[in-house]
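Let's take a walk through this protein and look at where its aromatic rings meet. Keep the picture open as you read.

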Amino acid sequence: MAVNLATIESVTKVYGTRALLDGVSLGVSEGDRIGVVGRNGDGKTTLIRMLAKLEEPDTGRITHSGGLQLAVLTQHDSLDPEATIRHEVIAGRADHEWLGDARIRDIVQGLFGGLDLPGFANGLDTVIGPLSGGERRRIALAKLLLGEPDLVVLDEPTNHLDVEGIAWLAKHLQNRRSALVCVTHDRWFLDQVCTRMWDVQRGEVREYEGGYSDYVFARAERSRIEATEEQKRQNLARKELAWLRRGAPARTSKPRYRIEAANALIADVPEPRDKSELMKFANARLGRTVFDLEDVTVKAGDKLLLERLTWQLGPGDRIGLLGVNGAGKTSLLRAMQAAYATEGDVQPAGGVIKVGKTVRLAYLSQEVAELDPATRVLQAVEQVRGRVDLGKGREMSAGQLCEQFGFGKDKQWTPVGDLSGGERRRLQLLRLLMDEPNVLFLDEPTNDLDIETLNQLEDVLDGWPGSMVVISHDRFFIERTTDTAYALLGDRRMRMLPGGVDEYLERRTAMAEAAAAVAAAQVPAAAAASGLSAGDLRAAKKEMQKLERQIAKLDEQESKLHTQLAEHAADFSKVAELDAQLRKVREDKEELEMSWLELAEQV
């Protein structure tokens with residue numbers, strides 16, 4: 001019998017006049033893998049913070065089993081800004097010790113993309129303070145996963161991870177023995193990892209067995225039987241269930257009778273998109289030319305990202321653009337936007353981008369556009385247009401589209417300055433769609449959006465007639481809204497992926513294995529040339545890398561000391577103290593540089 005690890009008993013939590021949680025009772029047992037879903041602001045984070053005893057309930061109680069080892073990833077980390085990644089993650093282990101541990105290697109490789117931490121200037125010796133929020137979050141997650149807790153509580157663990165990182169994390173959590181409670185909007189991740197769901201709505205928490213697909217089925221079935229949900233919500237749930245069952249029937253492990261019940265429930269639900277009708281309408285709106293790229297070269301500063309790219313975005317094309325960070329996905333969209341905005345006057349570093357004369361482009365960037373904080377939500381939308389044509393005879397007023405995106409009649413009069421990050425993102429999307437574009441560039445559109453809002457956005461895009469390019473780490477959203485996948489794999493080329501995200505992950509794995517094989521093959525040749533054994537050569541190169549990181553660290557210290565000397569120029573005793581420290585740093589640096597030169601001669 002599974003041991004109960006944590007219990008929530010009759011818990012109530014009130015903020016202002018609103019009860020986020022009202023008399024909630026739940027339990028977490030050994031082996032549980034629980035996904036927590038619900039709209040932003042409905043209390044998901046509050047629920048798991050109270051479960052972890054980071055926040056006290058107003059009434060009720062939280063109990064943990066004796067000796068419970070608990071690990072929590074919150075939205076804000078508690079990392080020491082003065083510490084290095086090595087100090088926080090490796091925790092004093094010698095290099096030979098952690099590199100010899102397959103589990104630690106797997107976590108570092110999976111979350112940072114390599115044992116040498118590519119992207120971090122000084123590898124493991126990078127100081128944490130100056131790093132971005134996303135980089136700090138990966139460090140906090142790595143530190144948590146290296147432990148052996150009984151219960152892991154994660155709040156949005158997939159934020160700031162790419163498609164590969166999310167796939168690795170899902171596999172890692174599947175293989176862990178720890179119980180798990182996880183808040184996330186990543187539906188693919190929920191389906192891969194979770195076996196139970198908690199749905200937080202209007203002060204209540206409803207429990208469902210199975211992963212996300214099973215949850216959607218049970219929610220739609222419950223709505224039909226109880227007839228308590230409004231018609232729009234029923235239709236959205238049934239539509240999403242139809243896509244889940246038809247598009248990826250292997251996602252779920254529900255028993256046969258439940259599959260038959262699900263099929264009966266969606267028997268009269270059409271495909272999410274009538275592709276031929278949308279294509280016909282898109283051709284009428286756009287003509288034959290949308291974006292034609294001929295021998296295009298794209299750069300970011302001096303870095304060459306794409307070279308001699310010839311590609312066409314046609315009328316009605318719905319493209320998912322995948323790729324490693326820094327491969328040029330956003331830069332490509334910006335180059336295409338620049339050609340559109342200047343009517344061809346601004347072109348990329350090489351080649352030509354031709355833009356169709358009828359193109360009306362809307363570009364949702366990762367940055368949320370600033371609006372006057374005093375402007376009301378409805379006013380901000382009506383500033384663009386009062387009504388919008390969504391195609392296929394569908395027309396909506398600004399107020400109706402606001403409601404579809406979760407801004408009810410009361411919320412429509414909220415000042416923009418009072419909106420949360422997710423609500424601002426929704427408003428940004430709304431304003432783009434109100435301008436009636438026929439081409440959409442969406443760069444990470446799912447950031448800060450809850451699952452219900454994602455469903456609503458997908459529903460709007462299902463009937464939207466035009467061309468679309470989507471960059472997203474949300475695998476579910478990519479598969480749900482696009483028809484064709486392309487990849488930038490970091491080799492300055494673009495490839496079509498008939499197999500979609502699965503093919504992308506397979507290609508990335510094959511590239512990593514090939515690179516490892518080439519590196520292994522080079523070691524004996526280099527060893528022969530240097531007169532060292534293969535083992536000695538590897539050890540020498542590893543020591544050189546270690547010395548380089550130590551020298552870089554001393555460079556930072558030297559720079560700081562120079563700054564402090566300038567600040568305390570009038571304080572002679574302080575200047576003497578700092579000067580002594582500076583001489584010591586320079587001496588240490590010279591010793592390390594001499595050691596590096598000796599190793600370089602051997603290699």
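What follows is a short tour of the aromatic ring pairs and of one charge that sits over a ring. One thing to keep in mind: this is a predicted model.

How many aromatic pairs are there? Going by ring centres that lie within 6.5 Å, the count comes to seven.

Start with F291 and F441. Their ring centres are 5.6 Å apart and their planes meet at 40 degrees, so this pair is called tilted. That label fits because planes under 30 degrees apart would count as stacked and those over 60 as edge-to-face. Now find the two residues along the chain: F291 belongs to strand β10 (residues 291-300), while F441 belongs to strand β17 (residues 439-443). They are 150 residues apart, so the pair links distant parts of the chain. Both F291 and F441 are buried.

Next, hop over to W311 and Y486. Here the ring centres are 5.6 Å apart, but the planes stand at 70 degrees, which means the pair is edge-to-face. W311 sits in strand β11 (residues 303-313) and Y486 in strand β19 (residues 484-488), so this contact ties together parts that are 175 residues apart in sequence. Are these two buried or exposed? W311 is buried, with a relative accessible area of 9%, and Y486 is buried too, at 15%; the cut-off for buried is under 20%.

Rings can also join up in groups. Ring pairs link Y208, Y212, Y215 and F476 into a cluster.

Last stop: the charge. R426 lies over the face of F407, 5.1 Å from the ring centre.

Technical notes:
Residues are numbered from 1 along each chain as its sequence is written. This is a predicted model: local features need pLDDT of at least 70, side-chain atom pairs count only at pLDDT 80 or more; totals for chains, interfaces and linings use all residues. Side-chain values use heavy atoms; hydrogens and water are left out. Rings of Phe, Tyr and Trp (its six-membered ring) pair if their centres lie within 6.5 Å; planes under 30 degrees apart count as stacked, over 60 as edge-to-face and the rest as tilted. Helices (H or I, at least four residues) and strands (E, at least two) are DSSP runs, numbered from the N terminus. Buried means under 20% relative accessible area, exposed over 50%, partly exposed in between (1.4 Å probe, protein chains only). A charge sits over a ring if NZ of Lys or CZ of Arg is within 6 Å of the ring centre and within 35 degrees of the ring normal.
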